[in-house]
Amino acid sequence: MSLAVIRSRALAGLQAPEVTVEVHLANGLPSFTLVGLADTEVKEARERVRASLLNSGLEFPHNKRITVNLAPADLPKESGRFDLPIALGILAASGQIDPARLAPYEFAGELSLAGDLRPVRGALAMSLALHRQGVPRALVLPLDSAREASLVQHAEVYGARHLLDVVQALLPPGEGSTAPEAGWVRMQPPAAQPAPAYPDLRDVKGQAGAKRALEIAAAGGHSLLMVGPPGTGKSMLAQRFAGLLPPLDTEAALESAAVLSLAGLFAPERWRQRVFRAPHHSASPVALVGGGSPPRPGEISLAHHGVLFLDELPEFARPALEALREPLETGQITISRAARQAEFPARFQLIAAMNPCPCGYLGSRLRACRCGPDAVARYQARLSGPLLDRIDLQVEVTAVPPEALMAAPDGEPSAAVAARVARARERQQARQDCTNAQLAGAALDTHCTMEAQAAGFLHNAAARLGWSGRSLHRVLKVARTIADLAGSERIDVPHLAEAIQLRRALPGAGPG
């Protein structure tokens, strides 16, 4: 009887818990049994492993009773990531490679029937988990996945193209080849990528008020709702928002890339780029917040440290919109299932756009609205008060007459606005180590100081407009951002007045 033990990793949300792959060969009626709460994809590894070993010219123990255990037994395992460790475990248990040479590595990879290694999801999450765990082991992955995993600084990652490349690298010196041309490569961190070319804000003619709102939203990390007739440039403005945000630091870039890796959407050439997600308004609640079995990240998590643009906001299903309320407050989403929970980060910036009425022309100076008051009220009521209460900036994007549009000069470029945004964010990081939108509790009282006159002005406005406590705090945080853009240490009346103007009610709706 022979036993081999190999290390690998599963995926549980953004976590990558360690999995021990135990392979036991014994005499008896030939069989191949796989245990350890394995999904159907994992159980199908039996056929892939058998074919890949035979087609690679290696020996498969047909006359043995093979038992593969994936421990811990109560952790669900899915996908084909365990093909490679199972194949290596069979080779080690049958004496074709030395089991001791497997100890310094962790393995993951899907095998083709010919023995080629195919990429797996969550490579970056696995590399992060191994690095944070502090275990002195290297990670062996398919080549494409290894490029992704090598983004973690100081991580030891090897990439391979074929099962034979891994086997040759594990043979004692003199018996195999570990040269890069043999398909076994020690991955190096990728070279620095040039700054991404986002669409320029200069392309948008006019709309000075909406551009100012974009600048404030970018400077303080605030959510923004743009309301206006069709064709006024709402989508153009939203598509240029990511170019106003400062570059991602290494930790934030790793978090963003790790979530994208879980969905198989990350590409190393987009390293450190802000994510811009724009789901269609037919998206379901599960598509937005995540779910499924096993739980997968939704659009709000895929937009982590990036931008989530929801165009035609009232056209989204009511449950989908209401599901955004908690993540907008907490910056994370917890998906609960009967067997387990999965937590995903969701620190995104919401940029939303909508028409003011069903026909779209309420308040337009170019075309008359043909909607009755009841139709306008029903349309705007698709957005609940609690959801609107959580959106910091609510601005109107008015229609620009054609003659004014043609005569309008080029606007300010994104680079100039981004420089002001970067300076404002530097002030916030130095003062409170977070953006103004994340201020809460005692930190809000400490960093949002104002004179008695400004405090009285804010209280009067809150009383007259019927704000909730949340609305009051959000206006205060927006005013703090406006003060940061102006280089002011204290919040003054002009900062509060602009913040109040940027939280106007929808046309045709009551105050709030």
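Which residues does Phe 348 touch, not counting residues up to four places away in sequence? In this predicted model, the list runs to Ile 300, Ala 303, Gly 306, Leu 308, Pro 327 and Leu 328. Here's a quick tour, starting with the nonpolar cores and then moving on to helix 19.

**The nonpolar cores**
- Phe 348 belongs to the largest nonpolar core, which has 63 residues.
- Along with Phe 348, the residues with the most contacts inside that core are Met 126, Leu 141, Leu 225, Ile 300, Leu 310 and Leu 313.
- Helix 9 (residues 250–262) gives the most to this core, chipping in eight residues.
- There's also a second, separate core of 49 residues, and Met 226, Ile 491, Ala 499 and Leu 502 are among its members.
- As a rule of thumb, nonpolar side chains in soluble globular proteins tend to be buried together.

**Helix 19, end to end**
- Helix 19 covers residues 452–465, and at 1.5 Å a residue its 14 residues should span 20 Å; the end C-alpha atoms are indeed 20 Å apart, so the two agree.
- Just past the end of helix 19 comes Gly 466, with a positive phi of about 70°.

**The two sides of helix 19**
- On the buried side you'll find Ala 454, Ala 455, Leu 458, Ala 461 and Ala 462.
- These buried residues cover an arc of only 130° around the axis, so they sit on the same side of helix 19.
- They pack against helix 20 (469–486) and helix 21 (493–501).
- The face turned away from the buried side carries the exposed residues Ala 452, Gln 453, Asn 460, Ala 463 and Arg 464.

Conventions: Residues numbered from 1 in each chain as written. Predicted model: local features only at pLDDT ≥ 70, side-chain atom pairs only at ≥ 80, totals over all residues. Heavy atoms only, no water. Helix = DSSP H or I, 4+ residues; strand = E, 2+ residues; numbered from the N terminus. Expected span 1.5 Å × (residues − 1). Buried < 20%, exposed > 50% of the residue type's maximum accessible area, 1.4 Å probe, protein only. Arc of directions from axis to C-beta. Contact = heavy atoms within 4.5 Å. Core = buried A, V, L, I, M, F, W, Y, C linked by side-chain atoms within 4.5 Å.
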